[in-house]
Amino acid sequence: PVPSPLAKVSTLARMLRSSLRLLQPFARTTRVHGLHTSAAARSAAEPLSPPSDAELLDRLLSGSMSQHRLEAELGGDAERAVRVRRLYVEAVSAQDGVGDPAAVLSLPVEEVDAPEFYSSVLGTNCENVVGFVPLPVGVIRPLLLDGRRLTVPLATTEGALIASTNRGARAIAAGEGVRTELLGDGMTRAPVVECVDLRQAAALKRWFEAPDRLPELQRTFSATSRFGQLLG
């Protein structure tokens, strides 16, 4: 018998429903994958905002981030990293009693007061001044010295010096620290005498080492300096 048009439509509808049931799991998977892809695309298009100073400070104080990671965390913003690092030095000094941070926090960050600076070195630090050279300053902490925990500023242009010195300071602090004794307070100078040959140098050495020679040399030396003293 020839099927009626209604029967053909009914058969076609059943076939379509079966096909949809077979395709439904694939459609769900494709949709979920599409959602994940869209979310990833949005994340790539919308970069995360940098952490706040407070968040960075919390991470530094908790030890979950080291100081040298600041520049990387801030996308290369070196100036802001300096400011956050100064906040950290101030906070950790107050928290642990690690010395007075004034020596570090008084350092200029951006500009130098030229008139004040040049006046401060006049007659004390430098003669014939023609300018200044900026040097980066890092911090060493904690340095356990004679029972005191110190924060030490260190100016250097040698890469990795601050990091290696910090490792040494931490190793010392993990023990009993460093104990010091002052046996003498002074500055040494070694005069150089030029001789014409080895024989003359040997003869001069014997002359200097004669037992009665030191008082004479001391009188001669004292006549040339108000500050130096020939000890022998």
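Let's start with a pair of charged residues: in this predicted model, the side chains of Arg 69 and Glu 73 come together in a salt bridge, with N and O 4.0 Å apart. Glu 73 has another partner too, since a salt bridge also joins Glu 73 to Arg 59, where the closest N and O atoms are 3.3 Å apart. That second pair ties together distant parts of the chain: Arg 59 belongs to helix H2, Glu 73 to helix H3 (residues 70–73), and 14 residues separate them.

How exposed are these three? Arg 69 is partly exposed, at 39% relative accessible area. Arg 59 is partly exposed as well, at 29%, and so is Glu 73, at 27%.

Now hop over to helix H4, home to both Glu 79 and Arg 83, which sit four residues apart, or about one turn of the helix. Their side chains meet in a salt bridge with an N to O distance of 3.1 Å. Glu 79 is partly exposed at 42%, and Arg 83 is partly exposed at 38%. Back with the earlier trio, shared partners link Arg 59, Arg 69 and Glu 73 into one salt-bridge network. The whole structure holds eight salt bridges.

What about the nonpolar side? In soluble globular proteins, nonpolar side chains tend to be buried together. Here, the largest nonpolar core has ten residues, among them Leu 56, Met 65, Leu 74 and Tyr 88. Helices H2 (53–62) and H4 (78–96) are the elements that give two or more residues to this core, and H4 gives the most, with four.

Leu 56 is a good place to look around: leaving out residues up to four places away in sequence, Leu 56 touches several others, including Pro 51, Leu 70, Glu 73 and Val 84.

Conventions
Residues numbered from 1 in each chain as written. Predicted model: local features only at pLDDT ≥ 70, side-chain atom pairs only at ≥ 80, totals over all residues. Heavy atoms only, no water. Core = buried A, V, L, I, M, F, W, Y, C linked by side-chain atoms within 4.5 Å. Buried < 20%, exposed > 50% of the residue type's maximum accessible area, 1.4 Å probe, protein only. Contact = heavy atoms within 4.5 Å.
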